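Here's a model to talk through, one question at a time. Have a look at it first.

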Amino acid sequence: MTSVVYSENEDRHATPEDYLSGGWSIRSWLLTVDHKRIAWLYAVSITLFFFFGSAAALLMRLELITPAGDLLSPESYNRLFSLHGIVMVWFFLIPSIPATLGNFLLPMMVGARDMAFPKLNLLSWYVYTLGGIFTIAAVIAGGVDTGWTFYTPYSTLFSNSAVLAAAVGVFIVGFSSILTGLNFVVTTHTMRAPGMTWGRLPLFVWANYATALIMVLATPVLTVTLLLIGLERTLGIGIFDPALGGDPLLFQHLFWFYSHPAVYIMILPAMGVVSEIIACFSRNPIFGYTGMVLSIMAIALFGFIVWGHHMFVSGQSLYAGILFSFFTFLVAVPSAIKTLNWTATLFRGRISFDAPMIYALSFLELFTVGGLTGIFLAALALDVHLHDTYFVTAHFHYIMVGGAVTAYMGGLHFWWPKLTGRMYSRGWATTAALALLIGLNLTFYPQFLLGYAGMPRRYHSYPDDFSILQVLSTLGAGVLALGYLLPLIYLSWSLRRGEKAGPNPWDAQGLEWQTPSPPPVHNFRETPEVNEGPYAYK
Amino acid sequence: MPTSNSGRSGESRPEVQFDDMEQQRHAGLLGMWVFLLTELLLFGAIFASFAILRVRHGAVFAEAAGHLDLSLAAVNTALLLSSGLTMALAELSAGARLRRATIGWLQATMALGALFLAIKGFEWYSEFRHQLMPVLGLPFHYSSALAAPGEQPVAAVAELFFNLYFIATGLHAVHMLVGLGILAVMLALARRWRRPDRIDRQLRIAGLYWAFIDVVWIFIFTCFYLLRA
């Protein structure tokens with residue numbers, strides 16, 4: 001790639017120091033508008049929420065070691081799984097890759113100095129934090145027991161828990177997604193460096209762009225829905241209340257109109273990460289770039305017309321069910337194209353098994369299992385048997401934890417040298433990646449069997465026959481915990497002690513690797529000029 | 001953030017992340033379009049809910065709509081559409097660098113918007129007086145000539161209609177207030193008239209938002225007022 005020097009504006013951009021050397025005062029972090037520092041603000045916040053939500057999960061798994069409900073009361077168990085869901089979905093998974101890696105990398109990958117709206121970017125983090133405070137307040141106020149889905153009429157008419165505080169927290173955090181999405185869309189459209197055409201964008205950018213569109217289009221529907229829940233609970237407006245001619249099912253339609261696309265908010269950026277890693281560690285260009293881009297956009301589009309598959313047994317019309325089932329099967333097509341293209345990228349590649357690659361290959365396995373079991377659930381008749389069982393729990397954990405979290409960890413390990421300028425211990429990273437793969441399968445595979453055998457989700461006690469599988473699952477959760485705690489330790493250690501990584505330790509392609517690690521304040525010393533496509537590996 | 005706008009020549013320099021003013025202008029406009037997409041889905045969820053319930057309770061909703069003041073709403077529609085025109089003229093004036101015309105058209109737009117809100121407030125007040133405001137535990141009395149078509153009493157379904165009406169018009173009024181706030185800032189900037197190119201650019205972004213509020217009102221007017229018995 002060739003470069004051009006700025007002309008008249010050079011004095012404004014010439015910053016020799018990297019973005020971290022600008023100071024460590026609280027002010028320099030809390031008032032920063034640098035997308036790279038904001039990415040760190042998000043990274044720290046979502047890590048806190050992640051361990052918070054994980055603690056809730058661990059308590060549930062401990063309860064489930066024995067068939068009897070002996071550790072927790074049923075009420076506490078309900079509050080724990082609700083908390084786990086709310087925290088993990090809205091305070092970890094939705095912002096995870098976009099708000100951290102996306103925030104850090106998207107401007108760099110398109111060759112820009114920052115996001116289009118740096119102040120909105122900072123605002124989004126403050127909004128996120130405010131939403132988080134309300135959610136924590138809901139926990140202190142005794143927790144919420146509706147599940148993360150806030151289904152009516154229970155949430156509006158009956159539940160005595162802190163529904164309102166939790167709903168306000170989620171309502172607020174939605175605006176932070178909208179702001180992030182808005183910034184991504186505008187940045188991708190208007191901030192690309194000379195020569196960075198749409199056909200030369202890395203797939204990570206495409207994936208985050210598609211995600212941003214979903215954030216912008218789906219989140220406001222959740223906002224209104226939660227507003228209506230709040231009004232229903234406080235004023236009794238009747239929109240979800242049959243006594244006034246309202247309809248509780250209307251809530252489910254509105255909720256899933258957001259919450260199904262939200263699944264793609266979680267998985268699309270993960271697919272972006274995996275594309276970058278697999279290309280780099282097999283030293284091959286991505287197989288079928290155009291097909292990959294079209295698949296990303298198709299998944300984003302189909303995501304909006306499949307929400308009814310959450311409602312096959314809730315009384316929606318059979319014809320709606322058939323349509324939603326058909327569209328859901330359609331999602332499998334672009335997903336399969338992506339999986340096959342990743343596999344084809346590996347073909348005749350010079351594959352090396354560094355930690356990021358182990359995460360990426362784990363993603364392939366876990367996403368395939370999660371995706372294929374999704375096809376079971378898309379089948380109308382089979383869903384009647386599997387609905388609300390552990391099979392569903394296992395399926396979406398394979399996608400969300402196996403897919404989204406694994407890719408997040410992979411991305412973190414891949415770009416860590418760029419983020420910090422330091423390299424972590426490769427041995428420990430490999431150990432942690434393997435612990436994640438083993439732990440995930442051990443935790444969630446038994447849950448497929450449990451669900452198929454008829455164990456319903458959200459119960460704190462169960463018949464003795466399910467005992468072995470439940471114990472295996474809890475055992476897996478322990479291994480999984482190791483896979484999350486280890487990186488916390490060795491990555492923190494590497495911040496000070498890790499060896500210097502240099503600008504491009506993986507010998508990777510992409511604009512972000514052409515600038516020093518950690519990058520300068522405005523990302524590039526000279527505005528890059530792009531004259532070839534991504535993934536120019538030989 | 002250290003924006004390096006120098007006012008000497010009256011022309012702005014772009015913010016640090018942009019290469020030139022054209023890029024900054026494009027990003028600002030696109031940002032507002034994307035934001036309006038969000039707003040569209042926000043109101044869309046309410047209109048979709050209304051449509052479903054309107055179909056389900058056709059007769060009761062149609063009769064309840066008859067209790068709304070169509071003539072006041074028609075006046076309001078005329079006011080808001082006129083404000084769309086004055087706003088467009090304000091944008092054109094700023095584009096032509098005409099300070100006094102910009103200020104004048106902005107003031108006209110704000111006056112029309114404020115009048116709209118005043119009439120809307122009066123309408124709400126008269127609904128409150130007729131005990132048609134079922135919020136905050138206020139009394140709701142509704143008598144109907146209809147026989148209950150479904151399981152619910154007619155008055156209960158009418159209450160649902162009025163609740164939806166207050167949510168939709170209330171949310172619209174909040175947007176009007178935000179719009180008036182934006183216009184107030186733009187008016188202050190136009191009075192000072194430093195960097196007219198920036199005023200021109202920002203006014204076009206504000207104009208998009210104002211036009212959107214207009215469009216939403218037209219849908220509210222149609223759904224709630226015109227679909228009557």
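Q: How many residues do chain A and chain B each bring to the contact?
A: This is a predicted model, so take the count as computed, with contact meaning C-beta atoms within 7 Å. On that basis the contact takes 34 residues from chain A and 32 residues from chain B.

Q: Which helix of chain A supplies the largest share of the side that touches chain B?
A: Helix 6 (118-140), helix 8 (163-190), helix 9 (203-235) and helix 10 (248-282) of chain A each put in at least two residues there. By class, that side of chain A splits into 23 nonpolar, seven polar and four charged residues. The largest share is nine residues, and it comes from helix 9 of chain A.

Q: Are helix 6 and helix 8 of chain A roughly parallel or roughly antiparallel?
A: Their axes come within 7 Å and cross at roughly 165 degrees. Anything over 145 degrees counts as roughly antiparallel. So helix 6 of chain A, relative to helix 8 of chain A, is roughly antiparallel.

Q: How do the residues of the contact of helix 6 with helix 8 of chain A divide by class?
A: Helix 6 of chain A passes helix 8 of chain A in a left-handed crossing. The residues of their contact come out as 17 nonpolar, nine polar and no charged.

Q: Are helix 9 and helix 11 of chain A roughly parallel or roughly antiparallel?
A: Helix 9 of chain A packs against helix 11 (residues 289-302) of chain A at an angle of about 15 degrees, axes 9 Å apart. Angles under 35 degrees count as roughly parallel. That makes this pair, helix 9 and helix 11 of chain A, roughly parallel.

Q: How many nonpolar residues does the contact of helix 9 with helix 11 of chain A have?
A: The crossing here is right-handed. Helix 9 of chain A contributes residues including W206(A) and L213(A), while helix 11 of chain A brings M292(A) and I296(A), among others. With no polar and no charged residues in this contact, the nonpolar count is 11.

Q: What span does helix 5 of chain B reach from its first C-alpha to its last?
A: Helix 5 (residues 154-192) of chain B has 39 residues, and the expected span at 1.5 Å a residue is 57 Å. Just after this helix comes W193(B), with a positive phi near 55 degrees. The span reached by helix 5 of chain B is close to the expected one: 57 Å.

Q: Is D214(B) buried or partly exposed?
A: D214(B) sits in helix 6 (residues 196-226) of chain B, and beyond its neighbours within four places in sequence it contacts L80(B), L81(B) and G84(B). It has 18 other C-beta atoms within 10 Å, and buried would take 20 or more. So D214(B) is partly exposed.

Key
Residues numbered from 1 in each chain as written. Chains lettered and ligands numbered in written order. Predicted model: local features only at pLDDT ≥ 70, side-chain atom pairs only at ≥ 80, totals over all residues. Contact = placed C-beta atoms within 7 Å. Helix = DSSP H or I, 4+ residues; strand = E, 2+ residues; numbered from the N terminus. Nonpolar A, V, L, I, M, F, W, Y, C, P; charged D, E, K, R; others polar. Expected span 1.5 Å × (residues − 1). Axes fitted to C-alpha atoms, helices over the stretch in contact; angles between N-to-C directions. Parallel < 35°, antiparallel > 145°, perpendicular 65-115°, else oblique. Left-handed = near helix turned anticlockwise from the far one by under 90°. Buried ≥ 20, exposed ≤ 12 C-beta atoms within 10 Å, placed from the backbone.
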